[in-house]
Amino acid sequence: IRFITITLQGFISDRCCLCFLDGGGAADKINLIPQDFFAELCEQIIQHLNHKIPGVNTAELCQRIQTSGIEIGVGDLAKIANIVSFLFSTAARNNLSTEELIATLGNAVSALPKHALQVIRHVWNEQGKSISVSEDAGNMATVGQFVDIKWKLGVAMSSDTCRSLKYPYVTVTLTVADPSGQITDKTFEMTIPQFKNFFRQFKEMAAVLETV
């Protein structure tokens, strides 16, 4: 009875996910994405699910797709990434074979392009077995993950009220992966005193870590 319950729950989750893929216009957007870019997206999703990378860099991938002449927004690509990620994780949780996954997609999503099905088949056949999804996967990630930090020093030379301002400031860009795996940049500016306080707190954290 327990086995049947788990299978039905997984089936319902798959159907729910595929409704978004079919009725939400995602299939039409996938049809715009060239096969090599869609394959790269799926590869990144698999690596993220295997905890090999912190997230999927949809902004960078979207920029390259747009450079190739394809009109697609980063928001649409992020939605596709979330749907495919949910599809892969649900398939892994229910131990679906490649043929079972493709059959489910074929029955539920009539508009999914053939090149996308080919990519999903190939990626799942090659790497699907490596995904390990916990029963508590839905409760594991509730906060983002740090990816990178960049900073640069700037000087404001003038303003509307001061011709010779020469005011130094620091621009910091934090790259983070949110709980869904989407990588985004957060950029902000700090005054020199604020940056010194920021640096001091990092030193305090490092000192505490040394005692652990």
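Start at a surface patch: select V208, L209 and V212, which together form a nonpolar patch with about 360 Å² of accessible area. This is a predicted model, so keep the confidence colouring at hand. Now isolate V212. It sits in the segment after α9. V212 has a relative accessible area of 84%, so it is exposed.

**Stop 1: along α9**

Step back into helix α9, residues 192–211. Select R200 and E204. They form a salt bridge, and their closest N and O atoms are 2.6 Å apart. The two are four residues apart in α9, so about one helical turn separates them. How exposed is R200? R200 is partly exposed, at 40% relative accessible area. E204 is partly exposed too, with 42%.

Stay on α9 and pick F195 and F198. Their ring centres are 6.4 Å apart and their planes meet at 35°, so this pair is tilted. F195 and F198 are three residues apart in the helix, about one helical turn. F195 has a relative accessible area of 22%, which makes it partly exposed. F198 is at 21% and also counts as partly exposed. Both values lie above the 20% below which a residue counts as buried.

Add W151 and F202 to the selection. Ring pairs link W151, F195, F198 and F202 into a cluster.

**Stop 2: a stacked pair between helices**

The model has four aromatic pairs. Select F88 and W124 for the next one. Their ring centres are 5.5 Å apart and the planes are at 20°, so the rings are stacked. F88 belongs to helix α5, residues 74–93, and W124 to helix α7, residues 114–127; the pair therefore ties together parts that are 36 residues apart in sequence. Are these two residues buried or exposed? Both F88 and W124 are buried.

**Stop 3: the nonpolar core**

Keep F88 selected and add F38, L41 and I80. The largest nonpolar core has 35 residues, and these four touch the most other members. Next, show the helices around them. α2 (26–32), α3 (35–49), α4 (58–67), α5, α6 (98–108) and α7 each supply at least two residues of the core. Which helix gives the most? α5 does, with nine residues. As background, nonpolar side chains in soluble globular proteins tend to be buried together.

Centre on L41. Hide its neighbours within four places in sequence. The contacts of L41 are then V56, L61, L77, I80 and A81. One of them, I80, is already in your selection as a residue that touches many core members: it is among the four that touch the most.

**Stop 4: salt bridges**

The count of salt bridges comes to five. Begin with K29 and D76, whose closest N and O atoms are 3.5 Å apart. This bridge links distant parts of the chain: K29 is in helix α2, D76 is in helix α5, and 47 residues separate them. K29 is at 29% relative accessibility and counts as partly exposed. D76 is at 26% and is partly exposed as well.

Move to helix α4 and select E60 and R64. The closest N and O atoms of this salt bridge are 2.7 Å apart. Both residues lie in α4, four residues apart, about one turn of the helix. E60, at 33% relative accessibility, is partly exposed. R64, at 30%, is partly exposed.

Compare this with the bridge on α9, where R200 and E204 are also four residues apart in one helix. Now add E40. Salt bridges that share partners join E40, E60 and R64 into one network.

**Stop 5: two positive phi angles**

Finish in the loops. Most residues other than glycine have a negative phi. Select H51 and check its backbone: phi is near 60°, a positive value in a residue other than glycine. H51 is in the loop between α3 and α4. At 64% relative accessibility, H51 counts as exposed.

Then jump to N95, in the loop between α5 and α6. Its phi is near 55°, again positive in a residue other than glycine. N95 is exposed, at 65% relative accessibility. Last, draw a C-alpha to C-alpha distance from N95 to G128. They are 33 residues apart in sequence and 9.0 Å apart in space.

Notes: Residues numbered from 1 in each chain as written. Predicted model: local features only at pLDDT ≥ 70, side-chain atom pairs only at ≥ 80, totals over all residues. Heavy atoms only, no water. Phe/Tyr/Trp six-rings, centres within 6.5 Å; stacked < 30°, edge-to-face > 60°. Buried < 20%, exposed > 50% of the residue type's maximum accessible area, 1.4 Å probe, protein only. Core = buried A, V, L, I, M, F, W, Y, C linked by side-chain atoms within 4.5 Å. Contact = heavy atoms within 4.5 Å. Patch = residues over 30% accessible without salt bridge, like charges linked within 9 Å, V, L, I, M, F, W, Y side chains within 5 Å. Areas by Shrake-Rupley, 256 points an atom, 1.4 Å probe, with all protein chains shown as cover. Salt bridge = Lys/Arg side-chain N within 4 Å of Asp/Glu carboxyl O.
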